[in-house]
Amino acid sequence: MTNSVMPTYGRLDVAFIRGEGAWLTDTEGKQYLDALSGIAVCNLGHAHPAITQAITEQAATLIHTSNIYHIPLQEQLADKLADLSGMEQVFFCNSGAEANEAAIKIARKYGHSKGVDKPVIIVMDGSFHGRTMATLSATGNSKIHAGFEPLVPGFVRVPFNDIDALRMAISHWPEAVAVMLEPIQGEGGIKIPAPDYLAEVRDLCTQRKLLMMLDEVQTGIGRTGEWFAFQHAEGLLPDVMMLAKALGNGMPIGACLVAGDAVGILEAGNHGSTFGGNPLACKVALTVLNTIENDKLMQNVKTLNATMVHGFEKALSGYSEVKVIRAAGFMFGIELIKPCTVLVQQALENGLLINVAADNVIRLLPPLVINAEEAKLIVSKISKLVIEFIESQEIKCVA
Ligand SMILES: Cc1ncc(COP(=O)(O)O)c(C=O)c1O
C-alpha cells in the first residue's frame with residue numbers, strides 16, 4: 001500500500017485505534033499507558049464521557065457559522081477564560097502557532113502605535129513557539145530554522161532565565177516592544193526558571209512599557225497545578241497570553257488573551273480566522289474547563305506530583321548519570337548526562353508513551369486524570385528503563 005502522507009514527521013511504528021482514560025490500544029490490541037497526552041493535549045485523557053457528549057450534542061445542533069455573526073458559545077468561553085485568568089479579552093484561532101501569530105501581530109501594532117517603525121520582540125534561547133514563518137523565527141532553536149531562511153525579522157534572542165541579559169537587551173534595543181516567552185520551556189526540555197524570574201520580567205516590561213507575552217500553549221489549562229503557569233507567581237498578570245493544546249482536549253482550538261496595554265490594539269479587520277472559535281470547538285473547550293474545575297483535577301495534579309517526584313528521587317537519586325529531575329505539576333523532565341532518545345522506543349515496547357526533549361531530557365506530560373496507581377506505574381516503568389539504560393551504557397564504556 002502506498003502512503004501519500006507528506007513525511008514531515010519521524011513516526012514511531014505504532015498506530016492507536018482506541019483510548020480510554022490514560023490508556024491507548026494499538027491495532028494489535030496491545031495497551032499503552034499514555035504519559036504524554038498527545039503532547040500536553042488530552043489533559044482529560046481519551047474518550048472522556050463529558051467530551052464525547054459535548055461533541056455529539058453540539059455536532060447535532062450546530063458546528064460552524066462564521067465570525068461575521070455573533071457566536072454565543074464563543075462569548076461564554078471568552079468570559080470563562082477571562083474569569084479564570086484575569087485577562088480581559090480573547091481572540092480565538094485553531095492552534096498554538098496561530099495564537100502566537102496573533103500575539104506577534106499585537107506586539108508589532110502596539111509598537112507602531114507608539115511610533116516605533118521597526119518593532120523588535122525579545123525572545124528566548126531554547127524556546128519553541130510553532131512552525132509558521134513568524135513563530136519559527138521567534139523560536140530559539142536553529143534546527144527549526146534550518147532550510148527556511150530568510151527568517152522573519154524583528155526578533156532578538158536572549159538566554160532564558162537570565163534577567164540581566166534581558167535588561168541589557170532592552171537597553172540595547174530602543175525598538176523593543178515586547179518580551180515573548182514560555183513560563184516553563186517545554187520542547188526545550190522542561191526548563192523551569194528561578195522562582196522570581198517571571199516577576200522580574202513583568203517588572204522590567206512594566207518599567208519599559210513592553211508587552212509581556214506568555215506562551216502558555218503547553219503549560220496552560222491545569223498542566224502545572226494552576227490554570228496557568230503564571231499564576232504560581234503571586235499577583236502577576238501578563239499583557240498577552242497564548243493558549244491551545246489542552247484547551248480543546250484534542251478538538252483544535254487556540255486563543256490569544258489580552259489585558260492592560262494590549263487591549264484594543266487589534267481592531268475590526270486587523271485579524272481573523274475562518275474556523276476560530278466556532279460553536280463546536282468552544283462547546284468542547286467550555287466542557288474541558290468545567291470538568292477540570294468540577295473534578296478538582298488540579299488538586300490531583302498537586303497530590304500526584306509529590307508522589308511521582310518522591311518516587312523518581314527514591315529510584316534514581318543514586319545514579320550520577322541522572323543530572324536533575326525537574327517537575328512542575330504534571331510536567332516532568334528527567335535530564336540525563338547523555339542523549340537518550342532510544343528510550344522512547346524502549347518505553348513503547350514496555351507499553352508506555354513518553355518523549356525525549358532536547359536529546360537528553362525524558363519528558364512526561366501525563367493526563368490530569370491519572371490515579372495514584374497509574375502515577376506509580378509511570379514512575380516504576382520509567383525508573384526501570386532509565387536504570388537499564390544507564391547500566392547498558394556503562395557496560396559499553398567498560399568494554
Ligand atoms: C510552547 C508552545 N508554543 C507553541 C506551540 C505550537 O503549537 P501548535 O503545534 O498547536 O501550533 C507548541 C507546540 O508544541 C508549544 O509547546
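Reader: Before cavities, which residues count as nonpolar, which as charged and which as polar here?
Author: Ala, Val, Leu, Ile, Met, Phe, Trp, Tyr, Cys and Pro count as nonpolar, Asp, Glu, Lys and Arg as charged, and the others, Gly among them, as polar. Keep in mind that this is a predicted model.

Reader: Ok, how many cavities of 30 Å³ or more are there?
Author: The count comes to one. The largest cavity has a volume of about 40 Å³.

Reader: And what lines the largest cavity?
Author: Glu321, Leu336, Ile337, Lys338, Phe389, Ile390 and Gln393 do. By class, that lining has four nonpolar, one polar and two charged residues.

Reader: Which helix gives the most to that lining?
Author: Helix α12, residues 372–398, with three residues.

Reader: Switching to pockets. What volume does the second largest pocket have?
Author: About 700 Å³. Its lining has 29 residues, and Gln74, Val90, Phe91, Phe92 and Leu266 lie nearest the centre of the pocket.

Reader: How does the lining of the second largest pocket divide into nonpolar, polar and charged?
Author: There are 14 nonpolar, eleven polar and four charged residues.

Reader: Which elements each supply at least two residues of that lining?
Author: α3 (72–85), β4 (89–93) and β10 (254–258). The largest share comes from α3, with five residues.

Reader: New topic: how many disulfides does a search of the whole structure find?
Author: Zero.

Reader: Why no bond for cysteine 42?
Author: The closest cysteine sulfur, in cysteine 93, is 18 Å from the sulfur of cysteine 42, and that is too far for a bond. The cut-off for a disulfide is 2.5 Å between the sulfur atoms.

Reader: Then what about cysteine 93, how far is its closest cysteine sulfur?
Author: The sulfur of cysteine 93 is 7.3 Å from the one in cysteine 256, so that pair is too far apart for a bond as well.

Reader: Are those cysteines buried or exposed?
Author: Cysteine 42 counts as buried at 13% relative accessibility, because the limit for buried is under 20%. Cysteine 93 is buried too, with a relative accessible area of 2%.

Reader: What does serine 37 touch, leaving aside its neighbours within four places in sequence?
Author: Serine 37 is in contact with Cys42, Arg223, Leu365, Pro366 and Pro367. Serine 37 is found in helix α1, residues 37–40, and is buried, with a relative accessible area of 0%.

Reader: Back to α12 for a sec. What does alanine 375, placed in that helix, touch beyond four places away in sequence?
Author: Alanine 375 touches Leu304, Met308 and Ile370. Alanine 375 is buried, and its relative accessible area is 0%.

Reader: How far apart are alanine 375 and alanine 35, in sequence and in space?
Author: They are 340 residues apart in sequence, and 9.1 Å apart in space, C-alpha to C-alpha.

Reader: Last one. Into which domains is the chain divided?
Author: Domain 1 takes in 16–41 + 296–398, and domain 2 takes in 51–294. Taken over C-alpha atoms, the centres of domain 1 and domain 2 are separated by 27 Å.

Reader: How many residues are in contact between domain 1 and domain 2?
Author: 26 residues of domain 1 contact 26 residues of domain 2.

Definitions and conventions: Residues numbered from 1 in each chain as written. Predicted model: local features only at pLDDT ≥ 70, side-chain atom pairs only at ≥ 80, totals over all residues. Heavy atoms only, no water. Buried < 20%, exposed > 50% of the residue type's maximum accessible area, 1.4 Å probe, protein only. 1 Å grid on protein atoms, 1.4 Å probe; cavity = no way out; pocket = protein on both sides within 12 Å on 5 of 7 lines; lining within 4 Å. Points joined across faces, edges and corners; volume = space filled by probe spheres on them. Helix = DSSP H or I, 4+ residues; strand = E, 2+ residues; numbered from the N terminus. Domains from an automatic or database assignment. Contact = heavy atoms within 4.5 Å.
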